[in-house]
Amino acid sequence: LSGRDVLAILLTGAGKSLCYQYPALKFPGITLVISPLIALMEDQTKHLKELNIPAACLNKDVPGKERRQILLDAVEGKYKLLFISPERLISPKFIRIAKKLKISLLVVDEVHCTSLWGYDFRPEYLKIPRFFQMTGSRPVIAGFTATATEYVSLSVKCCKSSAGKFRSIYAFLEKHERQSGIIYCASVDNVMRVYELLKRKKYKVTYYYGELNEEEKKKNYHSFLHNENLIMVSTNAFGMGI
């Protein structure tokens, strides 16, 4: 609120969204919120609308006609918050629109994506400085996350057979009972094989891959997000595709 940049590391449920939503209402212009997850930005937009706070989101799931109307409305000052994916933020079309906006605050939600995963997972995060250069604006910047680990370990366990792989998976799941997680597979066939075997063993499991239709993707993602299913079995489309 005093015009200083903020980096906030707060526990999940501690009120990170409130920390930028309240200033967004107080600032004269629009607040852009860069979010990595379509479902997350849609949920937040829906919640704000229910509170009669003018908000919208831009992502690949928004139809072209509706997307154009949102941009026109943003230029006319009809929104206080606009949620946007990092890819769309630096698109030429949005840059042209952004030059007409009075941007008071730029928020990077899940800001750990810029460091731990940014270089491989979502390289567009690294282009945020270019957004400022191309628009000629430098609003207040705020970053929020609940994830700030000093070190991420990666271990590789070799299995000589398919049966050995599944024994390792079952042993791992037993150690992490009632915890949620993702099992990545190299192919769709493997995704469905792992999914079916875990389902047979009564695990709360769902699946995700690029060739799924949009309705199934949304349904399976939401069931994982809201803990209806604790285990997501997926190709690397999960992450890139959301």
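Is Leu126 buried, exposed or partly exposed? Let's work through that and a few more exercises on this predicted model.

**Exercise 1. Classify Leu126 and place it in the chain.**

Solution. Start with the location: Leu126 sits in the loop that links S5 and H6. Next, take its relative accessibility, which is 38%. Buried would require under 20% and exposed over 50%, so Leu126 counts as partly exposed at 38%. To finish, look at the surroundings: Ser115 is eleven residues away from Leu126 in sequence, and their C-alpha atoms are 9.0 Å apart.

**Exercise 2. Work out how His47 and Ser234 are classified by accessibility.**

Solution. Take His47 to begin with, a residue of helix H2. Its relative accessible area is 41%, so His47 is partly exposed. From His47 to Arg122 there are 75 residues in sequence and 26 Å in space, C-alpha to C-alpha.

Now turn to Ser234, which belongs to strand S9 (residues 231–234). Here the relative accessible area is 0%, and Ser234 is therefore buried. Leaving aside residues up to four places away in sequence, Ser234 touches Ile183, Tyr184, Cys185, Val191 and Tyr208.

**Exercise 3. Describe how helices H2 and H9 are oriented and which residues join them.**

Solution. Begin with the geometry: the axes of H2 (residues 38–50) and H9 (residues 214–225) come within 11 Å and cross at roughly 75°. Angles of 65 to 115 degrees count as roughly perpendicular, and H2 and H9 are therefore roughly perpendicular to each other. Then find the contact residues: H2 brings Ala39, Glu42 and Asp43, while H9 brings Lys218, Tyr221, His222 and Leu225. Sorted by class, the residues of this contact are three nonpolar, one polar and three charged.

**Exercise 4. Do the analysis for H7 and H8, including the handedness of the crossing.**

Solution. H7 (residues 162–175) packs against H8 (residues 188–200) at an angle of about 55°, and their axes are 12 Å apart. This makes H7 and H8 oblique to each other. The crossing of H7 past H8 is right-handed. On the H7 side the contact uses Ser162, Phe166, Ile169, Tyr170 and Leu173, and on the H8 side Arg193, Val194, Leu197 and Leu198. In class terms, the contact of H7 with H8 holds seven nonpolar, one polar and one charged residues.

**Exercise 5. Dissect the largest nonpolar core and find out which element gives it the largest share.**

Solution. Count its members: the largest nonpolar core has 28 residues, and Leu89, Phe94, Leu106 and Phe131 have the most contacts inside it. Next, list the elements that each supply at least two residues of this core: strands S2, S3, S4 and S5, together with helices H3, H5 and H6. H5 gives the largest share, four residues. Finally, zoom in on Phe94: beyond residues up to four places away in sequence, its contacts are Leu32, Leu58, Leu71, Leu82, Ile84, Arg88, Leu89, Leu101 and Phe131.

**Exercise 6. Summarise the chain as a whole.**

Solution. For secondary structure, write down ten helices and nine strands. For extent, the C-alpha atoms fill a box of roughly 60 × 40 × 30 Å along the principal axes. For burial, 44% of the 242 residues are buried. For contact range, take the contacts with a separation of 6 or more: 74% of them are between residues 24 or more positions apart.

Methods
Residues numbered from 1 in each chain as written. Predicted model: local features only at pLDDT ≥ 70, side-chain atom pairs only at ≥ 80, totals over all residues. Heavy atoms only, no water. Axes fitted to C-alpha atoms, helices over the stretch in contact; angles between N-to-C directions. Parallel < 35°, antiparallel > 145°, perpendicular 65-115°, else oblique. Contact = heavy atoms within 4.5 Å. Nonpolar A, V, L, I, M, F, W, Y, C, P; charged D, E, K, R; others polar. Left-handed = near helix turned anticlockwise from the far one by under 90°. Core = buried A, V, L, I, M, F, W, Y, C linked by side-chain atoms within 4.5 Å. Buried < 20%, exposed > 50% of the residue type's maximum accessible area, 1.4 Å probe, protein only.
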